[in-house]
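Trainee: Could you take me through one part of this model in close detail? I would like to hear about a single strand and its partners.

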Amino acid sequence: MAALGGGSGGQWRQGWLPVLQLIRHGSKAVTRHWKAMHFQRQKLMAVTEYLAPKPPIPEQCLPPKKQIVEEDDGYVRLLRRQVAEAFRDNRMIVVCQYNPMANEDMLLMRHYLRKHNIEVKFFLNEIVRPVLSQSKYKNLLPLFVGRNIVLVSPETKAKEMLRVLRSVPQINLLGACIDDTILSKKGVENFAKLPSLEASQGQTVGALALLPSQTCSLLQRGSVRLTALLDEYIRQLQAGAEVTPGSPGGNPAKPVPSQSSEAH
Amino acid sequence: MCWRLRRFLAPREDVTLPERTKLKFMDKVPAVPKVRREPRRLRDIRGPSREATEFTQGQYGILALGGGYLHWGHFEMIRLTIGRCMDPKTMFAVWRVPAPYKPITRKSLGHRMGGGKGPIDHYVTAVKSGRLVVEVGGHCEFGEVKHFLERVARKLPFPAAAVSRNTLQHMQEEEEEKRLNNQNPWTFERVVTGNMLGMRKYLSPYDLRFKGRYWGKFFLKHRV
């Protein structure tokens, strides 16, 4: 049903209304449901849609632009500082592979390691990698791939640590950096088998002190041997004198000086 | 990520908290209830909003992306959810819509048509698209505030979104850019103002103002 719109001479005024306006179906302009548009209006909406500008060469033909958006977050900076501190302050740094395990087991393991003053730290790879690449620990970079944890300690108690880790099958040792020396798994095991510092120090001191202790006996060897031989001679004389008490005292004396001259 | 450093950072200096930081309680019925029953006047839902489109006190808010009516239940939901999720010592929230003022009549159930207009049932507030409903501010970041504002926005009777000053400005700039770099030579505005092909026979005089972006109470975001 059409309605007539505009009064006389309406077309020549500012806001004119068209002569005919379509009003069908009693529903009002604002409805709760999506009001069905007239087909002509639908066509108009389809024709006047937004067309995005196309670049002359489509993006698929060009090499992809890698946009590295580096927002210098305070949080990221804090984490990096923590990583640098951990690497600086501790003598022993061990990187292990972390497989998911029960919380209780994790807690127990942390407790045992804490007893030996070893801390378990979780660091994000994307934060650790730039920190390490700029420090002297460049060779540890291939270890920080995938899920891992870091055990840090100011002391080097490798034996106790290995014992604890052996009891936990989900944590596998990948590599370690002890006293600025990078060790593999075998290296850590060998390091653990080594005697403690005090024992090895004592061993070295003992080995070094062995030669000087022998010098004294070396110098005295000649005179000691002479003394021993003379004592032997005297004993033999005394033994000869006891065996033949009746014989003249001068007879055994003759062969004896020839023996002593042979001995010289 | 930065809002996680809340404990390490000093509070923002350019923000002053008002006395009452929580949202004011809105009455169901205005102090002077209306005696005269009013016509429906659905044009208070239609089209873009002219008031409360920009931020005043706060930095984050909920933007209405469609028209609708908010009744007392909605107000309570917003007030309680925001009151529960925000920290009254560091954040504040402010209403940008008035209390319900428009009377809505309802006829009693089960009666036939006729017998005059029904009595006033409840009051509502009309909200047009592009209007801010609530504003939140204080020593907080968008990341902290976004998730509960979005939860509230989902429950409103019209489509809404959580915005901050930056995101709102970004949206407006994007719209402007789209309008300028549109490759289609035929725009709705051009067709309507020139009455090309006699299109105005099928369109309303309001379409001169709305330019194809509004249809009833709906706001068509994807259109230019």
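Mentor: Happy to; what follows is a close look at one strand of chain A, with a short visit to chain B at the end. Please keep in mind that this is a predicted model.

Let us start with strand β6 of chain A, residues 171-178. Of its 8 residues, 6 are buried, so the strand is largely enclosed by the rest of the structure. Buried here means under 20% relative accessible area.

Now for its partners. Strand β3 of chain A, residues 92-98, pairs with β6(A) in the antiparallel sense, and 7 bridges join the two. To find your place in that pairing, look at A:G175 in β6(A), which has A:V95 opposite it. Strand β7 of chain A, residues 181-183, also runs antiparallel to β6(A), here over 3 bridges. In this pairing A:L183 of β7(A) stands opposite A:A176.

The link between β6(A) and β7(A) is worth a look too. These two strands form a hairpin with 2 residues between them. In the turn sits A:D179, whose phi is positive, at about 55°.

For another strand residue, turn to B:P103, in strand β4 of chain B, residues 102-105. B:P103 counts as buried because its relative accessibility is 5%. Beyond its neighbours within four places in sequence, B:P103 is in contact with B:K34, B:E38, B:I120, B:H122 and B:Y123. From B:P103 to B:P39 there are 64 residues in sequence, yet their C-alpha atoms are 9.1 Å apart in space.

Notes. Residues are numbered from 1 along each chain as its sequence is written. Chains are lettered from A and ligands numbered from 1 in the order in which they are written. This is a predicted model: local features need pLDDT of at least 70, side-chain atom pairs count only at pLDDT 80 or more; totals for chains, interfaces and linings use all residues. Side-chain values use heavy atoms; hydrogens and water are left out. Helices (H or I, at least four residues) and strands (E, at least two) are DSSP runs, numbered from the N terminus. Buried means under 20% relative accessible area, exposed over 50%, partly exposed in between (1.4 Å probe, protein chains only). Contact means heavy atoms within 4.5 Å. Two strands pair if DSSP finds at least two bridges between them.
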